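Trainee: Could you walk me through this structure with some questions and answers? I am new to this, so small steps would help.

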Amino acid sequence: MAGTLGSRLSGVLRQQIINLFDNTTMDAFTMAVKVPNLLRELLAEGALVNSFIPVYKSLNTVERRRLAQAFSGVMIAVNLVLTALGILGAPYVVDLLLASESNVDPVLTLYMTRLVMPFLMLISLSSVAMGLLNADEHFKESSFAPVAFNIASIIALLLLPQQATWLAMGWLVGGLAQLVVQLPALNRFGLLPRPALTGHPALGRVLRQMAPFTLTAGTRQILNIYVSRLLSNAQLFPAGTQAGYTNAEALFTMANGLFVVSPALALFPRFSQLAADGHWPAFRALTLQAMRSTTFMAAPVSALLVALAPYAASIFNLTGSVPETRLAATSGILAGWALALVPWALVTILLRTFYARERTRDAVVVSAAGFVLEVALYNLLVPLIGFWGFGVSTAISGVLMTLALLFLYRRAVPLPLDSLLAHLSRVLPLAALAGALAWVMSRFLPQPGPLLPSLLVLAVAGGTGLAAYLAGAVLLRMPEVDGVVRRLRRG
């Protein structure tokens, strides 16, 4: 979580610097980096972690090394082909991402897309390194790798001219740094593979596990493509909306990454080991503990982001010159997304339990259905309620996916839900009270504007709301508070 916090905070700093660019350049850049990002999720990060680790954990030490060698060789070969195809096919991809009447410059987007395509190879190799380290439960080195990406990008952005070419080149510098900083740790722990196009009996298992997850990720990319076309539609939104969406995404992923994804990643190898050993009572207990812990942390953050979204958006207003259209998009989209934080905390944990048991088909079906539903809800709600439609759609989808995953989980592993429901019945009202208190207090403080006054309001109003939440949790004697205190004492 410390590594994730460092990554997200440095990512916000990087995003602050990018916000110094005008709407034309920033909109084109945020659209251009979607192309390698679409492919990396299909091929690398999520698919790798969720398919590779369970198979890797089931092998002995010698076979683990052989599998890593074969798998990394396949990844390099596939990424080389995809990078070349991405550069050559960039005009068709850009046409797919942009609306016919676009508020984003298509020529500049095409130019920057071709510049950033090699990022796919860098981030895929970094994901292989991260997967190997996480599988052996070495989290520190891999969790700080994104910090290296952000720091390198920030340095490049500060040193290079403020032009579209150098904005793209800074992205590549960051990708290279994220890979390089993990190599010493891989070597130290004896995990550094020598990639080779060789076979391995377990490679087929990994690829079979990757295939359905890649299908799920592909379904999610349909949503991303739809969102890109929606945001770039000049008839619905002004220029700067795409940049505002990216700003909101940076803040939401900081909260989600810190309080949801990082605990899930840290627990995934343990889930995989318990599943491999057949320790189902411990597996069930860990599932309940993980869901309670993540929702305990996610609920107040969700409420405070809803209450203070305009001030959170002003974090990117470094010099007070960010266009109002961009700030309005950031605030509106972030407030809606914040509603989805708790249901997606449950979805994230439950999905990991299915991947750990190599029950990928169930997870894929639910995930794919959830993303299709989200696209349909976007189409229905965004024209009706504007920016809030993004978050409300995601929240509804998250709730329904949680119910479906719980049903499927309980068919295989008995899971008593009484304690979870009792936990949520206390956590959610406490969080709502904290958000309401923070909102009321913000009414007596300066309005959203430049960075420093907005940070002051976030600290005072947000801190008051969080203190009220923790005080309520202490009065209700919630066990999660005791767990936090014990960890702080041990630290």
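Trainee: What percentage of the 491 residues of the chain count as buried?

Mentor: Keep in mind that this is a predicted model. A residue is called buried when its relative accessible area is under 20%. Applied to the 491 residues of the chain, that cut-off gives a buried share of 56%.

Trainee: How many helices and how many strands does the chain have?

Mentor: Happily, this one is quick to check by eye. Look for strands and you will find 0, so to speak an empty list, while the count of helices in the chain is 23.

Trainee: Why is the chain said to be as compact as a globular protein of that length?

Mentor: We compare two values here. For 491 residues the globule rule gives 23 Å. The chain comes close to that, so it is as compact as a globular protein of that length, with a radius of gyration of 22 Å.

Trainee: Among contacts between residues at least 6 apart in sequence, what percentage join residues at least 24 apart?

Mentor: Contact here means heavy atoms within 4.5 Å. Taking the contacts between residues at least 6 apart in sequence, the part that joins residues at least 24 apart is 85%.

Trainee: Which helix gives the most to the largest nonpolar core?

Mentor: That core has 101 residues. Those with the most contacts inside it include Leu-251, Met-291, Trp-337 and Phe-390. With 13 residues, the helix that gives the most to this core is H14.

Trainee: And how many residues are in the second, separate core?

Mentor: You can find this core through some of its members, among them Val-33, Val-104, Leu-157 and Trp-171. It is separate from the core we just discussed, and its number of residues is 31.

Trainee: Leu-67 is among the residues with the most contacts inside the largest core. Which histidine is in contact with Leu-67, leaving aside neighbours within four places in sequence?

Mentor: Some partners of Leu-67 are Phe-52, Val-55, Tyr-56 and Leu-59. Others are Ala-202, Leu-203 and Val-206. The histidine in contact with Leu-67 is His-200.

Trainee: What kind of aromatic pair do Tyr-245 and Trp-337 form?

Mentor: The whole structure has 15 aromatic pairs, so let us take this one by its geometry, with planes over 60 degrees apart counting as edge-to-face. The ring centres of Tyr-245 and Trp-337 are 5.0 Å apart, and the planes are at 65 degrees. That angle is over the cut-off, so the pair is edge-to-face.

Trainee: How many residues apart in sequence are the parts that this pair ties together?

Mentor: Start with where each residue lies. Tyr-245 belongs to helix H14 (residues 241–277), and Trp-337 to helix H17 (residues 324–338). The pair therefore ties together parts whose separation in sequence is 92 residues.

Trainee: Are Tyr-245 and Trp-337 buried or exposed, and which residues form one aromatic cluster with them?

Mentor: Both Tyr-245 and Trp-337 are buried. The cluster that contains them also has Phe-252, Tyr-378 and Phe-390.

Trainee: Which ring has the charged end of Arg-357 over it at 4.7 Å from its centre?

Mentor: Arg-357 appears with two rings. It lies over the face of Tyr-409, at 5.1 Å from the ring centre. At 4.7 Å, the ring under the charged end of Arg-357 is that of Phe-354.

Trainee: Is Gln-182 buried or exposed?

Mentor: Gln-182 lies in the loop between helix H11 (164–180) and helix H12 (183–188). Beyond residues up to four places away in sequence, Gln-182 touches Ser-126, Met-130 and Glu-141, among others. Its relative accessibility is 0%, so Gln-182 counts as buried.

Trainee: What about Arg-477, buried or exposed?

Mentor: Arg-477 is placed in the loop between H22 and helix H23 (479–490). Its phi is near 55 degrees, a positive value in a residue other than glycine. Most residues other than glycine have a negative phi. With 74% relative accessibility, Arg-477 counts as exposed.

Trainee: How far apart in space are Trp-439 and Ala-303, C-alpha to C-alpha?

Mentor: Trp-439 is in helix H21 and is partly exposed, at 43% relative accessible area. In sequence, Trp-439 and Ala-303 are 136 residues apart. In space, their C-alpha separation is 9.7 Å.

Terms used:
Residues numbered from 1 in each chain as written. Predicted model: local features only at pLDDT ≥ 70, side-chain atom pairs only at ≥ 80, totals over all residues. Heavy atoms only, no water. Phe/Tyr/Trp six-rings, centres within 6.5 Å; stacked < 30°, edge-to-face > 60°. Helix = DSSP H or I, 4+ residues; strand = E, 2+ residues; numbered from the N terminus. Buried < 20%, exposed > 50% of the residue type's maximum accessible area, 1.4 Å probe, protein only. Lys NZ or Arg CZ within 6 Å of the ring centre and 35° of its normal. Core = buried A, V, L, I, M, F, W, Y, C linked by side-chain atoms within 4.5 Å. Rg over C-alpha atoms; globule rule 2.2 N^0.38 Å.
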